[in-house]
Amino acid sequence: MGIDGVEGMLRVTPWTTKQDSIIRELGHLGAAAVAAAIEHECGIVRSIHSIECRASRIHASLRVQQVCPECGVVGLRLNRQSGLCPKCTEILHLNEAKAFNELLEAERAAASDAGEIEALKRENAMVRKRNSRTCRKYGLRTMRERPRGGQDGLDSPLDGSL
Ligand SMILES: [Zn+2]
């Protein structure tokens, strides 16, 4: 455990490469964060002032910059609504648009199915009406009057033999 500072008779704790790299890597979080990291990782208490002096000496910036919580990029302006960097904001919007697109596709499919079903119903009613008119006109047995599966009956209506 070292003690920072040069005042009095206290020993000066030398700066290590490790501490310098912490300043360079975490400088964008500010001097206080750097001090906390140095204490945590190196067991050495450094004052804000000494960190500022050291940062100045090794030409490292302590200016606090925004960090994108999504990708961790430093120094880019974060979008006020998304709280993310421009790229992550675009990715977010793209994903939202894609999700909405999927929803619309599903709704569109359902809507077009509904339209098709209506058209099939109308066609069905029309053909049935035409059939019953033909039965009446020529005295033929109606579909209901015929035994199912019989010689002159109807096969399964969906087997394509109609
Ligand atoms: Zn980002």
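A residue counts as buried if 20 or more other C-beta atoms lie within 10 Å of its own, exposed if 12 or fewer, and partly exposed in between, with C-beta atoms placed from the backbone. The model here is predicted, so local features need pLDDT of at least 70 and side-chain atom pairs count only at pLDDT 80 or more, while totals for chains, interfaces and linings use all residues. Residues are numbered from 1 along each chain as its sequence is written.

**Exercise 1. Classify Cys 42 as buried, exposed or partly exposed, and list its contacts beyond four places in sequence.**

Start with the location: Cys 42 lies in helix H2. (Helices are DSSP runs of H or I with at least four residues, strands are runs of E with at least two, both numbered from the N terminus.) Next, the count: Cys 42 has 16 other C-beta atoms within 10 Å, so it is partly exposed. Now the partners, where contact means C-beta atoms, placed from the backbone, within 7 Å. Leaving aside neighbours within four places, Cys 42 touches Thr 16, Lys 18 and Gln 19. Take Lys 18: it sits 24 residues from Cys 42 in sequence, but the C-alpha atoms are 8.1 Å apart.

**Exercise 2. Work out which residues form the largest nonpolar core, and which helix gives the most to it.**

A nonpolar core is a set of buried Ala, Val, Leu, Ile, Met, Phe, Trp, Tyr and Cys residues joined through C-beta atoms within 7 Å. Apply that and you get eight residues: Ile 22, Ile 23, Ala 31, Val 34, Ala 35, Ile 38, Ile 51 and Leu 62. Then sort by helix: H1 (17–26) and H2 (31–42) each supply at least two, and H2 gives the most, with four. Zoom in on Ala 35: outside its neighbours within four places, it is in contact with Arg 46, Ile 48 and Ile 51.

**Exercise 3. Check whether the span of H4 agrees with its residue count, and find how many of its residues are buried.**

The expected span is 1.5 Å times one less than the number of residues. H4 covers residues 86–138, 53 in number, so the sum gives 78 Å; its end C-alpha atoms are 77 Å apart, which agrees. For burial, the count among those 53 residues is one, so H4 is hardly covered. Just after H4 comes Gly 139, with a positive phi near 65°. As for the whole chain, 10% of its 162 residues count as buried.

Conventions
Two residues are in contact if their C-beta atoms, placed from the backbone, lie within 7 Å.
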